[in-house]
Amino acid sequence: MKFAIQINEGPYQHQASDSAYMFTKEALEKGHEIFRVFFYHDGVNNGTRLTTPPQDDRNVVQRWAELGEKYELDLVVCVAAAQRRGIVDDGEAERNGKDATNIDPRFRISGLGQLIEAAVQSERLVVFGD
Amino acid sequence: MSEEIKKFLYLNRRAPYGTIYAWEALEVVLIGAAFDQDVSLAFFDDGVYQIVKGQDTAGIGMKNFSPTYSALGDYEVTKLYVEKESLEERGLTVDDLMPLKWEDEDEDWAEKDSIRLVSREELARIIDEQDVVFSF
Amino acid sequence: MSELHIVNKSPFEKSSFDSCMSHVLEGSAVLLFEDGIYAATSGTAAAEKVKSAPGVKFYVLGPDLKARGLSEERVTDGVEIVDYARFVDLAEEHDKVVSWV
């Protein structure tokens, strides 16, 4: 089965990103395909490389990055939502005159079309939010 | 892109302005319109408040995005299901809502209502008929 | 078609569970997870709704129950306790997933 995952909330504030991670990991271990993980609304905050969570708790961003690395996942952060919330890659920094970037290298910033395409191309869309 | 056309339903259950979900959901609908799928929107629970007419946001310093709903017809998003029970529970009638229309090119551009009033039961069936359901 | 409805908020905090229950058809299933697991606990108004939904199968995510210190004994009769693996299976078995946030 080909899944598309949508995550509407940021790390730690809500359990959405955690639940999505557990679901996604399980699906991959069962041999399913994850077409794309799309981060929308505050979900874009899952893509910052600058978090320093406490040592004795999970590292939400790192966990996604590692899963992404292991399974070559397409982790996409929505550009419009990212612009509002200040998640920036090199391209966005240059386009919008920002003096820094903060995106984790395993994520990429792209348009809402990526979410729609994922929904069209996948067999199941699973939305995690609040 | 897949050749099969899918039925997409966007669930709108939240009020506008208190949170960003209503606005950012609309942005998905607008972008999604370019993908030629069979699109419907469902307004129920507090989502019916999104299309109440006469929104004036000057006093709260936020952008009034309600005019964007009027543009949906131009994007060929013409099925806006509004749940009757949700309106009634909130003391609203369809007259409190924006007159959202679309122009049917198959009928000489006749103006038609995009808002389709449905019962809770009908909406359950509409949800059942869809291929993909988005939540915000 | 049959849906897997997923509910992640407490029925005491939000109306999402109630709204889901008003829109679920026979042959579909409801999976309660995150704070939604509280709707699977017995002796609550939610439990009454669960018991009086003919033709709808209910599931609750075990890890979320355990995390919140709720024992399996507290789960309403007829609600099946599942893990993430079964969550994935259910998403596959039903025609689509509807998320009630």
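These legends walk through close-up views of a predicted model.

Local features here need pLDDT of at least 70 and side-chain atom pairs count only at pLDDT 80 or more, while totals for chains, interfaces and linings use all residues. Residues are numbered from 1 along each chain as its sequence is written, and chains are lettered from A and ligands numbered from 1 in the order in which they are written.

**View 1. Helix 1 of chain A crosses helix 4 of chain C.** The axes of helix 1 (residues 16-29) and helix 4 (residues 84-93) come within 9 Å and cross at roughly 75°. Helices (H or I, at least four residues) and strands (E, at least two) are DSSP runs, numbered from the N terminus. Axes are lines fitted to C-alpha atoms, for helices over the stretch in contact, with angles from 0 to 180 degrees between N-to-C directions. The two helices are therefore roughly perpendicular, a label for angles of 65 to 115 degrees. On the chain A side look for A:Met22, A:Phe23, A:Glu26 and A:Ala27, which meet C:Tyr84, C:Ala85, C:Phe87 and C:Val88; contact asks for C-beta atoms, placed from the backbone, within 7 Å. Seven of these residues are nonpolar, none is polar and one is charged. Here Ala, Val, Leu, Ile, Met, Phe, Trp, Tyr, Cys and Pro count as nonpolar, Asp, Glu, Lys and Arg as charged, and the others, Gly among them, as polar.

**View 2. Helix 4 of chain C has buried residues along one face.** C:Tyr84, C:Phe87, C:Val88 and C:Ala91 are buried, with 20 or more other C-beta atoms within 10 Å of their own C-beta atom. Down the helix axis these buried residues fall within an arc of 95°, so they line one face. That arc is taken from the directions from the helix axis to the C-beta atoms.

**View 3. Chain C touches chain A.** In this contact, 12 residues of chain C face 15 residues of chain A. Helix 4 and strand 5 (96-100) of chain C each supply at least two residues of the chain C side, and helix 4 gives the largest share, six residues. The chain C side divides into eight nonpolar, one polar and three charged residues.

**View 4. Chain A touches chain B.** Chain A brings 16 residues and chain B brings 17. Helix 5 of chain A provides the largest share of the chain A side, six residues. That side has 10 nonpolar, six polar and no charged residues.

Methods. Angles under 35 degrees count as roughly parallel, over 145 as roughly antiparallel, 65 to 115 as roughly perpendicular and the rest as oblique. Two residues are in contact if their C-beta atoms, placed from the backbone, lie within 7 Å. A residue is buried if 20 or more other C-beta atoms lie within 10 Å of its own, exposed if 12 or fewer, and partly exposed in between; C-beta atoms are placed from the backbone.
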